[in-house]
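Work through the exercises below with the sequence and the structure open beside the text. Each task is followed by a solution that goes step by step.

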Amino acid sequence: MNLEDISNQIKVCEKCILSKERTRAVPGTGNPNSKVVFIGEAPGYYEDQEGIPFVGRAGKLLTKTLNELKINREDVFITNIAKCRPPDNRRPTREETTACTPYLNLQIDVLTPKYIVPLGATSGEFIFKKYGVPWTAMMKENGIIKKVSTIFGELRILPVIHPAAVLRNPHRTEMFVNALKKLI
């Protein structure tokens, strides 16, 4: 199985109620050979319209910050836990994330990244749990690399506050940028 196969499965998925209201499923995008995977919570309005993760205001901030750090967005892989937009941008339910996580797990297995960058508390908590790392809170975990052993070698988990949180609280910009600098 490759990323295109997984993407095609996601695009026709009807495992949960989110599939009934979506415009487009949002499988993920980026370099299939990337060793860095960014994982958000769920698509928003613009992502649902375009079928591409992180293209709204938060995505523009993420892309701008990556560019400033000389990291090309096209060189990384970006996805979400939930592959369809929850109504009113609410947090995905347990049922919805349970339906989507097999796709995310397949993506991670195919990519075999060296870094996973969970963006925000929901994805941070999910990834920490997946790899058996104790989770506290995003504001405590932000920018602290956790190393775990996998069958593919050492994996570094770098939790970063969500760019939407930075848009709501601009005083967190430095915290956001400093965390992402650990990728370079």
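Contact here means heavy atoms within 4.5 Å, and a residue is called buried when its relative accessible area is under 20%. The model is a predicted one.

**Exercise 1.** Find the buried residues of H6 and state what covers them.

Solution. Begin with helix H6, which spans residues 121–130, and apply the burial cut-off along it, which yields Thr122, Ser123, Gly124, Ile127 and Phe128 as its buried residues. Next, look for the elements in contact with these residues; the cover includes the strands E2, E4 (115–118), E5 (146–150) and E6, together with the helices H5 and H7 (138–141). Finally, follow the chain just past H6, where Gly132 takes a positive phi of about 70°.

**Exercise 2.** Describe how H5 and H6 pack, giving the angle and the distance between their axes.

Solution. Two packed helices are described by the angle between their axes and the distance between the axes. For H5 (residues 94–111) and H6, the angle is about 65° and the axes are 13 Å apart. Because angles of 65 to 115 degrees count as roughly perpendicular, H5 is roughly perpendicular to H6. The crossing in which H5 passes H6 is right-handed. At the contact, H5 contributes Thr101, Leu104, Asn105 and Ile108, while H6 contributes Phe126, Ile127 and Lys130. Sorted by character, the residues of this contact are four nonpolar, two polar and one charged.

**Exercise 3.** Which residues have the most contacts inside the largest nonpolar core, and which elements each supply at least two of its residues?

Solution. The largest nonpolar core has 24 residues, and those with the most contacts inside it are Ile39, Ile108, Ile116, Ile127 and Ile157. At least two residues each come from H1 (3–12), E2 (36–40), H5, H6 and E6 (153–157), with H5 giving the most, five residues. As a check on Ile39, list its contacts beyond four places in sequence, which include Ile81, Leu104, Ile108, Ile116 and Ile127. Another core, of 23 residues, lies apart from this one and has Val36, Phe54, Leu62 and Val177 among its members.

**Exercise 4.** Is Ile81 buried or exposed, and which residues is Ile81 in contact with?

Solution. First place Ile81 in the loop between strand E3 (77–80) and H5. Its relative accessible area is 2%, so Ile81 is buried. Setting aside neighbours within four places in sequence, its contacts include Thr97, Cys100, Thr101 and Leu104, as well as Thr122, Ser123 and Phe126. Of these partners, take Thr122: the C-alpha atoms of Ile81 and Thr122 are 8.7 Å apart in space, although 41 residues separate the two in sequence.

Definitions and conventions:
Residues numbered from 1 in each chain as written. Predicted model: local features only at pLDDT ≥ 70, side-chain atom pairs only at ≥ 80, totals over all residues. Heavy atoms only, no water. Axes fitted to C-alpha atoms, helices over the stretch in contact; angles between N-to-C directions. Helix = DSSP H or I, 4+ residues; strand = E, 2+ residues; numbered from the N terminus. Parallel < 35°, antiparallel > 145°, perpendicular 65-115°, else oblique. Left-handed = near helix turned anticlockwise from the far one by under 90°. Nonpolar A, V, L, I, M, F, W, Y, C, P; charged D, E, K, R; others polar. Core = buried A, V, L, I, M, F, W, Y, C linked by side-chain atoms within 4.5 Å. Buried < 20%, exposed > 50% of the residue type's maximum accessible area, 1.4 Å probe, protein only.
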